[in-house]
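Trainee: I should like to discuss this model step by step, beginning with the ligand. May I put my questions to you in turn?

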Amino acid sequence: MTRIAIIGGGISGLSAALRVHELATEQGRDVRITLLEASDRLGGVLRTERIGEYLVEHAADMWITNKPEATRLCEKLGLAERLIPTNAQFRKSLVLRDGKAHPVPEGFQLMVPEQAWPMLRSPLLSWRGKLRLLAEAFVRSRRDGADESLSDFVRRRCGHEVFERLVQPLVGGIYTANPEKLSLKATLPRFIEMERQHGSLIRAALRQSRDRSRGEASGTSGARYGLFVSLPNGIEELVSALSRRVAEFAEIRYGAPVRRVVWTPTSDRSDEGGQATFTLDADVTQHFDAVILAVPSFVAANVLADGCPTLSAELNRIEYASTVVVASGHKLADIEHPLDAFGLVIPHIERRKLLAVSFTSRKFSGRAPDGRVLLRTFIGGALQPELCHLDDAAIVDLVRRELRELLGVRGEPDFLNIFRHTRAMPQYHVGHLDLVARIQAATKQSPGLVLAGNFLTGVGIPDSIASGESAAEKVMKG
Ligand SMILES: Cc1cc2nc3c(=O)[nH]c(=O)nc-3n(C[C@H](O)[C@H](O)[C@H](O)COP(=O)(O)OP(=O)(O)OC[C@H]3O[C@@H](n4cnc5c(N)ncnc54)[C@H](O)[C@@H]3O)c2cc1C
């Protein structure tokens with residue numbers, strides 16, 4: 001019998017558990033899985049709550065389908081028929097300029113205008129900014145494959161204004177990151193590839209739209225919002241179905257924060273595997289044949305500090321940002337702005353306190369009662385970390401004041417809840433892929449010990465699932 005411990009019951013750990021079980025079944029092996037979760041529930045940051053007739057997400061509210069893992073997991077769990085697309089009526093984002101919300105020009109894909117006319121008419125850029133963006137087609141390309149920050153790349157190719165007025169709020173918002181440090185290679189490598197292959201993002205976009213009009217497949221086609229889905233009862237539906245499934249074959253221990261993992265090879269030849277000794281909170285020591293650590297990297301670093309100091313030191317290099325999500329329910333009649341979009345992002349240069357406001361009930365129906373709207377306001381992130389330390393009363397004041405000034409939100413909300421996500425967003429800084437390679441190399445020194453989580457090769461739900469599944473495959477190969 002092989003005993004496998006999975007530490008951390010977020011989506012990464014749960015996906016790892018399911019994949020280990022599938023492989024054990026396929027291989028006809030007797031594998032006992034123990035999942036150790038520090039808190040009293042599974043799902044990690046993913047959580048959906050009903051507040052009256054509102055359906056409120058604490059963290060993620062949708063996932064992208066061009067990475068197949070989350071949708072494939074839903075198929076396995078019998079949820080495929082329940083997937084819901086985003087509401088086509090409101091599929092656009094707004095960006096603030098000089099205190100006013102304007103739509104992102106149609107066809108503008110994170111940093112590339114696929115259509116010239118909407119971009120030329122948009123008040124989000126000055127004429128100088130627009131001309132500089134069009135000149136992107138003639139900027140000399142860099143083909144050395146070196147990593148570069150998002151801001152360096154965009155300033156070099158598209159100009160300063162496009163960076164600070166559009167790309168910083170649109171992309172920086174996704175990663176709650178400082179774009180001066182964010183690695184393009186680790187987050188949006190397709191833009192590097194577009195530059196490498198076509199010499200220009202605009203030329204690449206034109207080529208792709210020509211291919212599309214000829215009916216050929218394209219990697220970056222269509223409105224990106226069309227690629228996102230959720231479930232009628234929110235992300236929790238996926239977490240609950242997966243947790244129920246895992247409970248059928250694994251022993252799940254709640255309230256079991258693992259403090260220390262020591263890896264002892266069974267022989268001098270480290271590639272022959274080993275045994276892990278765990279010290280749990282209550283000083284319980286247990287032995288396992290393999291371990292999947294599916295916790296944030298700073299937790300993994302702590303747990304491994306004694307047993308694997310080199311690996312621990314590399315894991316500690318990954319920085320995290322915090323964010324606070326304020327969910328609030330309002331009467332539509334209390335809001336001046338028509339909220340005819342999925343949300344508003346706010347450039348740092350506007351000097352506001354908010355990062356973004358998601359018009360959550362515009363994305364998916366069934367999130368708010370008739371005549372009401374559910375907003376989720378984001379503050380903090382890597383650029384304004386101090387705001388995450390404000391107390392609840394100060395956060396409520398700040399959010400209500402800014403919502404009033406930016407969108408004309410008045411009156412008493414039906415509810416207002418604060419969800420703090422402290423050190424929840426791993427920061428993929430320039431050089432992240434090299435750091436991950438060093439982490440993976442250091443992990444190999446302890447065969448049977450494998451890492452999973454959103455700090456490795458992608459921050460989204462599908463990436464986290466992929467990391468859990470890949471960890472399971474490594475463990476079952478060993
Ligand atoms: C505010 C916010 C919004 C987001 N929005 C989106 C979105 O819209 N779409 C999208 O695709 N992604 C989104 N993400 C990202 C995505 O939700 C996460 O990357 C993913 O859920 C991380 O899963 P995980 O299992 O790796 O980590 P976690 O969810 O952090 O799970 C780790 C688990 O380990 C447990 N644990 C910690 N320490 C120990 C220990 N010592 N012993 C045992 N257990 C321990 C924790 O309690 C937790 O349950 C968002 C994230 C945040 C924070």
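Trainee: Which residues are the closest to the ligand, among the 36 that surround it?

Mentor: This is a predicted model, in which local features need pLDDT of at least 70, side-chain atom pairs count only at pLDDT 80 or more, and totals for chains, interfaces and linings use all residues. Residues are numbered from 1 along each chain as its sequence is written. A residue is near a molecule if its C-beta atom, placed from the backbone, lies within 6 Å of it. Of the 36 surrounding residues, the closest are Gly8, Gly10, Gly44, Ala60 and Gly460.

Trainee: How many residues of the shell around the ligand are charged?

Mentor: Ala, Val, Leu, Ile, Met, Phe, Trp, Tyr, Cys and Pro count as nonpolar, Asp, Glu, Lys and Arg as charged, and the others, Gly among them, as polar. By this division the shell has 21 nonpolar and 13 polar residues, and the number of charged residues is two.

Trainee: Which helices and strands each supply at least two residues of that shell?

Mentor: Helices (H or I, at least four residues) and strands (E, at least two) are DSSP runs, numbered from the N terminus. The shell also draws at least three residues from each of domain 1 and domain 3, the domain bounds coming from an automatic or database assignment. The elements asked for are helix H1 (11-27), strand S17 (320-331), strand S21 (415-426) and helix H16 (461-477).

Trainee: What are the edge strands of the sheet ordered S12-S2-S1-S16-S22?

Mentor: Two strands pair if DSSP finds at least two bridges between them. The five strands form an open sheet with parallel pairing; within this order, S1 (residues 2-7) and S16 (residues 290-293) are joined over four bridges. An edge strand pairs on one side only, and the two are S12 (251-253) and S22 (449-451).

Trainee: In S8, which residue is the bridge partner of Arg97?

Mentor: S7 (residues 93-97) and S8 (residues 100-103) pair in the antiparallel sense over four bridges. The two strands form a hairpin with two residues between them, and Asp98 in the turn has a positive phi of about 50°. In S8, Arg97 has as its bridge partner Lys100.

Trainee: How far apart do the C-alpha centres of domain 1 and domain 2 lie?

Mentor: The assignment gives domain 1 as 2-45 + 234-318 + 428-477 and domain 2 as 106-220, alongside domain 3 (320-426). The distance between the C-alpha centres of domain 1 and domain 2 is 36 Å.
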